Each structure stands twice: as structure tokens, then as C-alpha cells.
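Here is my note on the model, set out as numbered points for you to check against the coordinates. Please read it with the structure open beside you.

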Amino acid sequence: MDRLASFGNDPFDKPPCRGCSSYLTEPYIKCAECGPSPFLLCLQCFTRGFEYKKHQSDHKYEIMTSDFPVLEPGWTAQEEMALLEAVMDCGFGNWQDVAYQMRTKTKEECESHYMKNFINNPLFSSTLLSLRKTKDSRFAEGAIPFKPTDDPPRPTFDSVLSRDMAGYMPARADFMEEFDNYAEWDLKDIDFVDDDSDILRALKLAVVDIYHSRLKERQRRKKIIRDHGLINLRKFQMLERCYPKEVQELYDVMRRFARVVGPTEHDKFIESHTRAKVYDRVKRMREEERRKRTMLCDVLQYIQDGRACQQWLSKQAAIDAGITPAVTTITVSGRRSAPPLNLTGLPGTEKLNEREKELCQVVRLVPGAYLEYKQALLNECRRQGGLRLAQARALIKIDVNKTRKIYDFLIKEGYITKA
């Protein structure tokens with residue numbers, strides 16, 4: 001079976017014959033069963049039945065040749081590849097040099113065949129167009145997009161706008177002077193020749209690797225500048241002035257860390273600090289309101305007389321309205337116990353048994369706080385081997401009477417033991 005050769009026209013590009021080590025010329029033989037590296041033989045070694053290691057003379061084989069037409073009669077596959085290589089070497093339009101490099105076709109034949117099959121061919125044009133669109137979409141972020149009707153700004157050299165843009169050329173998405181601008185100078189005199197020693201060749205390769213690392217650093221800096229919008233300096237400074245002075249100072253300090261995070265993450269980090277003071281102020285207001293509600297609950301809890309409580313509320317309402325309240329004497333007629341606490345809907349209630357629910361209702365303690373106090377007393381009892389009432393009061397900073405009731409309840413239920 002004839003197959004198109006996978007190597008170039010130059011015989012030195014092909015591996016040598018495995019039998020006689022000579023350079024291969026078409027047609028030649030490729031073993032279809034040996035691999036993965038190709039086992040190639042010239043026609044002379046193939047006709048002699050050359051065998052080597054696992055290769056046997058009765059293996060299936062392929063005839064490798066490019067001497068057959070592909071696009072139109074009169075042009076072999078080898079000539080098609082030679083035409084493409086000549087156009088790449090000499091440039092599109094230099095048909096005289098292309099024909100001279102091919103040596104088998106005239107200038108007119110090269111031009112007409114190339115224009116017919118590679119430029120005006122619908123199959124190739126659609127394929128090249130799709131490849132171009134894919135490439136453009138892949139590198140779309142490399143340049144600042146402009147509308148087709150817009151003319152990209154082209155500041156004159158050394159103008160104020162050019163200096164503000166750090167010599168950036170939007171039409172080319174490039175800078176007039178690159179970072180590490182003279183990195184290519186180290187490569188201009190390097191030439192790889194066949195008689196280089198191993199040390200000299202390794203040294204040249206090391207210089208090329210260093211150059212590649214410098215190019216990567218150049219691209220990394222370009223990406224940071226583009227992603228964070230640092231090209232338009234004035235616009236960037238106007239955005240900074242929108243922040244308070246202390247945030248601007250933070251922005252200057254944290255700017256060096258912009259290289260390790262994206263622009264969105266960096267801006268979120270800065271803006272979160274602008275809202276830190278607002279959060280602190282709201283937090284203080286919330287805590288103040290909580291203290292007021294707690295104080296009011298305590299007043300309502302310990303003023304047992306209904307008439308005295310009503311007089312106190314009337315007085316507070318008058319003070320809030322800016323009216324001087326009438327002087328009244330609040331008298332406590334008697335002492336009554338507070339009503340049991342309603343546990344409906346409180347977090348942690350489902351974790352209590354019936355006796356613990358009754359304790360929380362009588363002591364007026366929310367289930368979450370009771371569970372926390374209970375766990376603290378259990379841990380201390382296990383650690384000490386017993387627990388005294390004084391130790392329990394030192395652990396639980398609440399009303400001593402409530403602590404006594406919790407302590408007695410846990411002793412009675414067998415959760416803890418006395419020391």
C-alpha cells in the first residue's frame with residue numbers, strides 16, 4: 001500500500017536504513033508490525049530479506065512514497081510539499097525564486113497551482129478561516145479591543161500621553177520599550193554548528209533557557225499591567241481618589257501584592273477595608289441596643305409590682321418625648337416570682353429531657369446556655385474527680401442562685417459528684 005512519506009524531501013531528514021545504515025530514498029519500506037519507533041529498510045535490504053531482533057522478513061509492510069498526485073494530475077505529493085516549503089522560504093509572491101528552488105516547475109505553473117489550490121480553494125480557505133478565528137479568539141485578551149470604525153490612539157513619541165501610558169502602543173498591544181529590553185543581545189552571536197563540543201553546546205542551550213525565562217518574566221509583567229488596568233495612569237489615579245485617605249494609604253502599601261492575586265480579588269480585599277469602620281460602628285450600635293434591651297428586661301423582671309412597673313414605663317415614655325415627668329413614688333407592694341420561661345422555638349430545646357426543660361423554665365435559662373454550662377461542669381468534674389459548689393460558681397459567671405440550682409440538679413441526676 002502506498003503511503004505519503006512522513007518526512008521532508010531532504011534525505012538527511014529521514015532515519016537511516018536499519019540494514020545498511022544508508023540514507024533512505026523513495027520508495028522505501030516501513031514494517032507495519034514493529035514499533036513504536038519506525039523500522040525502515042531500503043529496497044535492497046528488503047529484497048534480501050533482512051531480519052534484526054524482533055523484525056522478521058515475513059512481517060507486513062508499507063511502501064513509503066510520495067510519487068503520486070494529490071490535488072491535480074501532474075503534481076505529485078512530493079512536489080506539493082516542495083511548493084509549500086518554497087513559498088515559506090521565499091515568501092508569497094516571489095514566484096521566480098519559488099520556481100528556482102523547486103527546479104521542476106516554471107514560475108507560471110507555481111503561481112497558478114498555488115492560487116488555484118491553496119488560495120481560491122473553498123476547502124482550504126474555510127479551514128484556514130476557522131483556524132484564524134480560533135487563533136484570534138485565543139489571543140483576544142492580548143490587545144485592547146477597539147471597534148472597527150474607531151481609530152486607536154497613537155500618541156506621538158515622548159508626548160505627555162505617551163509618557164502616561166509608559167510608551168504603550170494600543171494598535172500593537174505592545175510597549176515601545178520592553179521590560180529587560182536588551183535581553184535579545186545575549187543571543188545575537190550564538191550559532192549552533194556541528195563541530196561544537198558538548199560543553200559549548202550545553203553552554204549555548206543554557207543561554208537560550210535563560211533567555212526564555214526572561215521572556216516569561218516580560219510576559220508576566222505585561223499581563224499584570226493589562227489585567228489591573230495600569231496602562232491608563234490618570235484613570236487609575238482617579239479611581240484611587242474615590243477611597244478615603246486611610247484606604248489610599250492601604251492601597252499604596254498593598255499594591256505590591258497585586259501580582260499574586262487577580263484584579264477582582266485585589267479590589268475586593270481593598271474595598272473590604274473601606275467597610276471595616278462601617279461594620280465596627282454598626283457593631284457598636286447593635287451591642288448598645290442589646291445592652292438596652294437586657295437592662296429593660298432586668299428592670300421588668302425585678303419590678304414585681306404591676307402598678308410600679310406601669311409608673312416607671314410612663315416616666316420613660318415622658319423622658320423620650322421631651323416632657324418633664326411628674327414626680328411619683330414607686331412603691332413595691334409585694335414580691336412575686338417571675339413566670340416560667342417559654343422554651344418554644346429556642347435553639348437546643350430538642351436536646352433536653354423533660355426534667356432539664358423544667359429546670360430551664362424555672363431558672364429562666366435558655367437551653368443553649370444551659371447545655372454550655374452543663375458541659376463545662378462535666379469536664380471539670382471529670383478532671384478533678386468531683387466538684388464543689390464554689391468551683392461551679394467560679395466556672396459559671398451568672399447569678400449565684402441559678403448556679404446553685406443547676407449544681408444541685410446535676411448532683412441529683414447523677415451527672416456530677418461532690419468533691
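1. Some conventions come before the details. Contact is taken to mean heavy atoms within 4.5 Å, and helices (H or I, at least four residues) and strands (E, at least two) are DSSP runs numbered from the N terminus. This is a predicted model, in which local features need pLDDT of at least 70 and side-chain atom pairs count only at pLDDT 80 or more, while totals for chains, interfaces and linings use all residues. Residues are numbered from 1 along each chain as its sequence is written, and side-chain values use heavy atoms, with hydrogens and water left out.

2. Helix α14 deserves a look at its length. With an expected span defined as 1.5 Å times one less than the number of residues, the 18 residues of α14 (residues 367-384) should cover 26 Å, and the end C-alpha atoms are indeed 26 Å apart, which agrees. Just after this helix, G385 takes a positive phi of about 80°.

3. The surroundings of α14 can be described residue by residue. Buried here means under 20% relative accessible area, exposed means over 50%, and partly exposed lies in between (1.4 Å probe, protein chains only). The buried residues of the helix are P367, A369, Y370, K374, L377, L378, E380 and C381, and what covers them includes α13 (354-363), α15 (389-395) and α16 (400-413).

4. One of these buried residues, K374, also takes part in a salt bridge, defined as a side-chain nitrogen of Lys or Arg within 4 Å of a carboxyl oxygen of Asp or Glu. The partner of K374 is E356, at 2.9 Å from N to O. Because K374 lies in α14 and E356 in α13, the pair ties together parts that are 18 residues apart in sequence. Both ends are buried, K374 with a relative accessible area of 13% and E356 with one of 2%.

5. The count of salt bridges comes to 14, and two further pairs are worth inspecting. K116 and E72 meet at 3.4 Å, N to O, and this pair links distant parts of the chain, with K116 in helix α4 (residues 107-119) and E72 in the loop between β4 (61-64) and α2 (77-90), 44 residues apart. K116 is exposed, its relative accessible area being 52%. The second pair is K222 with E178, whose closest N and O atoms are 3.0 Å apart; here K222 sits in helix α7 (residues 198-227) and E178 in the loop between β6 (174-175) and α7, again a link between distant parts, 44 residues apart. Both K222 and E178 are buried. In addition, D180, D186 and R214 are linked in a network of salt bridges.

6. Which residues of α2 and α4 meet? E80, L83, L84 and V87 in α2 meet C110, H113, Y114 and F118 in α4. The residues of this contact divide into 6 nonpolar, 1 polar and 1 charged. The two helices pack at an angle of about 95°, with their axes 12 Å apart.

7. Two backbone angles should be checked by eye. Most residues other than glycine have a negative phi. S21, however, which is not a glycine, has a positive phi of about 65°; S21 is found in the loop between β1 (2-3) and β2 (28-31) and counts as exposed at 56% relative accessibility. R103 likewise has a positive phi, of about 75°, and is found in the loop between α3 (95-102) and α4, where R103 counts as exposed at 65% relative accessibility.

Technical notes:
Axes are lines fitted to C-alpha atoms, for helices over the stretch in contact, and angles run from 0 to 180 degrees between N-to-C directions. Ala, Val, Leu, Ile, Met, Phe, Trp, Tyr, Cys and Pro count as nonpolar, Asp, Glu, Lys and Arg as charged, and the others, Gly among them, as polar.
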